[in-house]
Amino acid sequence: MGVTRTVATGLLVTATAGAAAAWGARAVLQHQAALARAAIGKPLGEDAPLADRVYKKRHGGTIDLLVLGDSIAAGLGADGPRGTLGARLARQVSKRTERAVRLRTAAVVGSESSRLAEQLASLPPDYAPDVAVVVVGGNDVTHRVPVVESVSHLEACVSALRRRGTAVVVGTCPDLGALTPVPQPLRALGSRASRQLAAAQQEAALRHGAYVVSLADVVGPFFITNPDEMFSLDRFHPSSLGYKRTAQAMLPSVLAALGEHDEVPFGHLAPDLTVVPEGRVSVPAAPTA
């Protein structure tokens, strides 16, 4: 009985100490999160520049480009409409294809993946863009949305777009470890959580026929090594230069999705279109003079 009581007492002490440590760690993280929110603030407001229009009208064979997702997709932090992710992609696609590009942005600042359905619902029922770019996930991580739940919304979005005959490019969740206003160890935990979500997004997007761009791999290093240039005033959202780099990084997959070429570089993954053949669309050729 004495030994049993001693073991039980030891386990109780250990459990109590563990619970206290867990509570202490949680309190530290909550305090750090509050400090990070205060440091970041909202100096940019909550409205991204409006960039929707037709780019390079002089070209024929208009390509319809749709952008869905969160504040990065919307372009919060850009100096003006031309600096947003959508506008930069539209101009680069137009330059490479010699087509006019009609940009439509349904992305909403502050969105989690659960709002993708709402963004799709805002579109006309018969709207079928040639390619859609989806960038989402950062808010899911900061709001601690379970990965399974987050990815299920992304899957539904990709499937809905492909049923419209739209090719899809998913930019996976950026590495939140690049956010210097966030103190350690919270930043390290954010980095791990964002990479876990990105890996799950990648698997799900490919399975449903989307092209995938690992933003953490193809553009993340620029934000880590050049934060003063890549981040905007709030040190959380990209600057116009940050969006330029991000658009350049995503361009190869956007062009591949449009059928401009078959191979994609490091950090990009193409779906197996023999399994999901409806993932590629035919872009109309520019009319000849």
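## A word on terms

Here, Ala, Val, Leu, Ile, Met, Phe, Trp, Tyr, Cys and Pro count as nonpolar; Asp, Glu, Lys and Arg count as charged; and the others, Gly among them, are polar. Keep that in mind for the cavity below. Also, what you're looking at is a predicted model.

## The sheet

Let's start with the strands. Seven of them make up an open sheet with mixed pairing, and their order across the sheet is β1-β3-β2-β4-β5-β6-β7. At the edges sit β1 (54-55) and β7 (268-269), each of which pairs on one side only.

Take a look at the β7 end. Strand β6, residues 211-213, pairs with β7 in the antiparallel sense, over two bridges. There you'll find V213 opposite H268 of β7.

## Helices across the strands

Now for two helices that cross this part of the sheet. Helix α7 (residues 186-207) lies across β5 (167-171), β6 and β7, and runs at about 160 degrees to β6. Helix α11 (residues 240-257) lies across β4 (131-135), β5, β6 and β7, at about 175 degrees to β6.

## The cavity

How many cavities of 30 Å³ or more does the structure hold? Just one, with about 310 Å³ of space in it. It is lined by 20 residues, and the closest to its centre are I72, P174, L176, F236 and P238. The elements giving two or more residues to the lining are α2 (71-74), α5 (138-142), α8 (215-218) and α9 (220-225).

And the make-up of that lining? Twelve of its residues are nonpolar, six are polar and two are charged.

Key. Residues are numbered from 1 along each chain as its sequence is written. This is a predicted model: local features need pLDDT of at least 70, side-chain atom pairs count only at pLDDT 80 or more; totals for chains, interfaces and linings use all residues. Side-chain values use heavy atoms; hydrogens and water are left out. Two strands pair if DSSP finds at least two bridges between them. Helices (H or I, at least four residues) and strands (E, at least two) are DSSP runs, numbered from the N terminus. Contact means heavy atoms within 4.5 Å. Axes are lines fitted to C-alpha atoms, for helices over the stretch in contact, and angles run from 0 to 180 degrees between N-to-C directions. On a 1 Å grid over the protein atoms alone, a cavity is a set of points where a 1.4 Å probe fits but cannot get out, and a pocket is an open set with protein on both sides within 12 Å along at least five of seven lines; lining residues have an atom within 4 Å of a point. Grid points are joined across faces, edges and corners, and a volume is the space filled by probe spheres set on the points.
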